[in-house]
Amino acid sequence: MAVKGLDIFKLTPKSNCKECGFPTCMAFSMKAATGAVPIEKCPYISEESKAILSEATAPPMKTIKVGNGDAERTLGGETVLFRHEKTLVNKNLFAVELSDAQSDADVDAAFAKLAKVNYDRIGEMMFVEVVAVRFAADQAKFVALVKKVADAGKIPMIVTTDAEVAKAAVAVAGAKAIIMGATKDNAAAMVDVAKAADAVLGVSADSIEALHDLVESIEKLGYKNLVLNVGETSIKEAFTNAVDIRTAAIKGDDRTFGYPSVVFTNKLAPGDTNMQIALASAFLLRYGSIIVMEEMDFNAALPLFGLRQNIFTDPQKPMRVEPKVYEFNKPTGKDPVLVTVDFALSYFVVAGEIDRSKVPAYLAIPDAGGYSVLTAWAAGKFGSNVIANFIKENNVADLTTSRKLVLPGKVAVLQGDLAELLPEWEVVVGPTEAMQIPKFLKDLQA
Amino acid sequence: MPYKKTEQKFNGKIGVCEIGAGDAAISIGGEKTLPFLGGEGFKTAVGIAITDSPEDWEGCFAAVYGDDMKDPAAFAKAAVEKSGADFVLVKLASADPNGADNSVENCVATAAAVEAAVNVPVVIEGCKNAEKDAKLLEAVAKTLEGKNVVLFSAVEDNYKTIGAAGGMAYGQKVSAESAVDINLAKQLNILLTQLGVKPQDIVMDVGSAAAGYGFEYVASTMDRIRLAGLGQNDDSLQMPIMTDVSNDSWGVKEAVFTEAEAPEWGSQENRGIGMEIATASACVIGGSNAIIVRHPESAKTIKSMVAGLLG
Ligand code: B12
Ligand code: SF4
């Protein structure tokens with residue numbers, strides 16, 4: 001929230017003493033408001049006023065770091081409610097939940113799954129970042145489980161309202177673990193535990209009003225390293241709370257709610273994986289910062305991680321790859337040439353499939369404006385002239401003795417024109433979906 | 001300071017569109033806030049898709065429906081029963097001139113049989129060939145006069161025929177399809193209203209994409225359309241939104257790879273459902289007033305999510 005020059009001016013002694021290097025207090029204040037000169041340059045503004053100012057100039061939503069080392073992630077720091085207004089900066093994290101009440105076999109199975117659902121999508125690794133461990137009864141087992149989570153390189157979320165248990169667990173959890181956490185009954189003790197361990201403290205309350213009061217009192221205790229639980233009792237309440245909390249922070253200038261959120265879909269829809277997927281998707285769009293699920297199999301991971309990768313892109317910067325001829329599976333100068341567009345998603349999907357086919361091939365990518373195959377075609381950026389010129393200008397005919405040029409199936413209509421423009425090439429229409437490429441290339445080879 | 005809610009004040013309202021006739025009729029739209037934040041109790045409707053070309057669908061659907069899939073009327077009945085859906089969408093994919101090129105008469109007969117078999121509103125989709133769809137949906141509109149069906153969808157190249165027949169001559173509802181772009185959506189709504197179709201007879205199909213496949217454009221398009229309708233009171237963008245996520249969701253590799261092709265990924269059916277649910281949920285949260293899915297489990301889940309969100 002921008003602070004105005006006049007607000008700063010009110011805090012100066014208005015003596016125009018020039019010690020700050022400016023002719024008047026007003027001139028100083030105007031400059032300070034733009035951030036061009038630090039407030040500290042005026043020795044007469046009280047510490048208290050500086051604190052108020054730094055609060056007023058702080059971004060609407062705090063940026064909170066969780067985890068440490070390679071596992072460290074950043075939450076919050078958002079300045080808009082909708083990605084089209086600017087961009088969303090810090091993607092949500094996904095969590096699964098374990099407990100000391102589970103058998104060792106169940107815990108091992110859960111860890112095996114965490115290790116398995118770990119894959120590359122468009123150059124980014126996809127995996128569950130946070131593991132919540134809910135305290136049931138056995139403190140020693142609980143602490144050991146938290147340690148196992150930290151050792152596995154995951155961010156532990158210690159779920160207990162018992163400050164002593166939290167203290168024992170956080171000691172083995174590594175810096176910036178999450179303690180979930182504080183309630184109205186244990187706030188002071190939890191703040192002490194979190195402070196001492198440099199942990200992020202999760203705050204829960206029965207209503208949004210009570211949550212606001214509790215956050216205020218925790219801030220008064222001197223702790224601002226927080227995440228807020230949007231509620232576990234009803235879907236309606238959790239959703240409206242998530243939206244209202246974020247709206248208050250971004251639009252309402254309510255710094256008390258300027259913290260990332262936590263959503264327990266496993267509590268909102270226990271035992272119902274499909275419902276948890278639906279809720280995770282909803283909260284991915286509407287302000288869930290850490291989204292907890294019972295478990296994360298591929299049926300949940302594939303759509304949710306993909307969706308997250310979409311939503312947290314910068315709308316001003318389309319994801320593109322460099323237009324050029326790419327090589328796959330070590331081509332030897334006699335292999336076919338496939339054509340696609342420079343839209344990163346199209347490229348990565350196609351590249352993955354050519355890799356998988358193990359068939360040596362070239363992939364020619366003209367400048368198609370960074371659009372998908374059909375979008376680029378509809379926009380006139382992926383027509384027969386664009387492709388023919390690219391093939392000629394890049395002397396693709398010198399790279400390979402094969403004269404097979406494979407078009408994406410979705411632009412089969414280009415075949416005739418292209419064949420005329422590139423008479424020495426045999427223009428072949430490929431499949432419409434990239435996943436059919438391996439079979440197609442093997443058949444082509446035969 | 002005690003918490004004070006930051007109200008997002010809107011002066012616009014999304015229109016109400018009634019679909020279906022008699023006992024089967026339902027209303028969609030009518031909200032005055034962003035989705036699920038108001039108390040006026042508007043309810044997102046959930047539709048189930050069926051097709052006259054079931055051979056194109058993944059094997060799991062044969063297991064769900066068995067022989068019913070071969071007869072569109074039986075298929076529709078089973079789909080509604082198994083899913084509890086609020087309405088049904090029938091895809092007349094066989095009409096495609098570049099495919100089976102089934103005749104308009106045959107396809108209209110299919111649409112009529114489906115309509116007679118169920119007591120929920122019916123949405124009728126063509127084959128996505130603009131020229132053929134114009135003829136087909138015009139004939140459907142005529143045959144099903146009085147049934148208040150939705151013609152899914154009119155595009156820039158055929159809106160005149162479909163709008164005139166559907167929205168005007170035979171009193172049906174017209175869906176206006178655009179490609180994930182607020183300006184195109186607005187333009188087609190304006191063209192249809194200028195033609196004489198009443199705004200309350202129009203729903204918007206603003207396009208979709210599977211989760212992970214360009215969905216950011218869908219999310220932002222929906223956000224912008226809703227903010228324009230509610231915040232700026234732009235009456236050319238206040239029609240309810242109807243979205244079919246079934247083709248996109250079941251068309252990506254996550255749903256199409258068999259268990260043999262991707263053994264590490266687990267059940268193909270569960271993956272398809274996961275893809276469909278995540279995509280549908282994101283559309284519902286973005287503002288779709290009527291969402292269409294393919295798997296009965298997807299429909300059940302989205303229905304209960306909507307119920308949960310309304311509380
Ligand atoms: C997101 C989107 C957009 C985004 C752009 C996203 C981008 N960077 O491309 C925006 C909103 C900007 C957009 C704009 C337009 N769009 Co658009 N858009 C889409 C949408 C929803 C998804 C596209 C996508 O990301 N697909 C995913 C990628 C990975 O797919 P792909 O590139 O085709 O790759 C697949 C296959 O082709 C294959 N493949 C790729 N390369 C190769 C190569 C070989 C050799 C082989 C074998 C296979 C293969 O593998 C991939 C996976 O299987 C589609 C509808 C849909 N549901 O698909 C419409 C769609 C493509 N758009 C369409 C249109 C008309 C447009 C516009 C002209 C409309 C407008 N707004 O003016 C504009 C054009 C751009 C412009 N500014 O002029 C139409 C095209 C209609 C047609 N059949 O020609 C579509 C189909 C929507 C529709 N149903 O009407 N669009
Ligand atoms: S140092 Fe402070 S008091 Fe002196 S002129 Fe600058 S702003 Fe005014």
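Which residues lie nearest the centre of the largest cavity? Of the 16 residues that line this cavity, A:Glu78, A:Asn90, A:Arg246, A:Gly288 and A:Phe312 lie nearest its centre. The structure is a predicted model, in which local features need pLDDT of at least 70 and side-chain atom pairs count only at pLDDT 80 or more, while totals for chains, interfaces and linings use all residues. Residues are numbered from 1 along each chain as its sequence is written, chains are lettered from A and ligands numbered from 1 in the order in which they are written, and side-chain values use heavy atoms, with hydrogens and water left out.

**The barrel of chain A**

- Eight strands of chain A, where a strand is a DSSP run of E with at least two residues and a helix a run of H or I with at least four, both numbered from the N terminus, close into a barrel in the order E3-E6-E7-E8-E9-E10-E11-E12 with parallel pairing.
- Neighbouring strands of this sheet are turned by 30° against each other on average, direction ignored, with axes taken as lines fitted to C-alpha atoms, for helices over the stretch in contact, and angles running from 0 to 180 degrees between N-to-C directions.
- Within the barrel, strand E8 (residues 178-182) and strand E9 (residues 200-203) of chain A pair in the parallel sense over four bridges, pairing being assigned if DSSP finds at least two bridges between two strands, and A:Met180 has A:Gly202 in E9(A) as its bridge partner.

**The open sheet of chain A**

- Five strands of chain A form an open sheet in the order E13-E15-E14-E16-E17, with mixed pairing.
- E13 and strand E17 (426-429) of chain A stand at the edges, each with a single partner strand, so one side of each has no neighbour in the sheet.
- Strand E15 (residues 361-364) of chain A is covered on both faces, with A:Ala361 and A:Leu363 on one side and A:Tyr362 and A:Ala364 on the other all buried (under 20% relative accessible area, against over 50% for exposed and partly exposed in between, with a 1.4 Å probe and protein chains only).
- E15(A) pairs with strand E13 (residues 325-328) of chain A in the antiparallel sense over four bridges, where A:Val325 stands opposite A:Ala364, and with strand E14 (residues 337-339) of chain A in the parallel sense over three bridges, where A:Val337 stands opposite A:Tyr362.
- E14(A) also pairs with strand E16 (residues 404-407) of chain A, in the parallel sense over two bridges, and A:Leu338 stands opposite A:Val406 in E16(A).

**Cavities**

- The count comes to four cavities of 30 Å³ or more, and the largest has a volume of about 120 Å³; a cavity is a set of points on a 1 Å grid over the protein atoms alone where a 1.4 Å probe fits but cannot get out, and lining residues have an atom within 4 Å of a point.
- Grid points are joined across faces, edges and corners, and a volume is the space filled by probe spheres set on the points.
- Strand E2 (73-76) and helix H11 (273-285) of chain A each supply at least two residues of the lining of the largest cavity, and H11(A) gives the most, with three residues.
- The second largest cavity holds about 90 Å³ of space and is lined by 15 residues, of which A:Cys17, A:Lys18, A:Cys20, A:Cys25 and A:Cys42 lie nearest its centre.

**A hairpin in chain B**

- Strand E1 (residues 16-19) and strand E2 (residues 26-29) of chain B pair in the antiparallel sense over four bridges, with B:Val16 opposite B:Gly29 in E2(B).

Methods: On a 1 Å grid over the protein atoms alone, a cavity is a set of points where a 1.4 Å probe fits but cannot get out, and a pocket is an open set with protein on both sides within 12 Å along at least five of seven lines; lining residues have an atom within 4 Å of a point.
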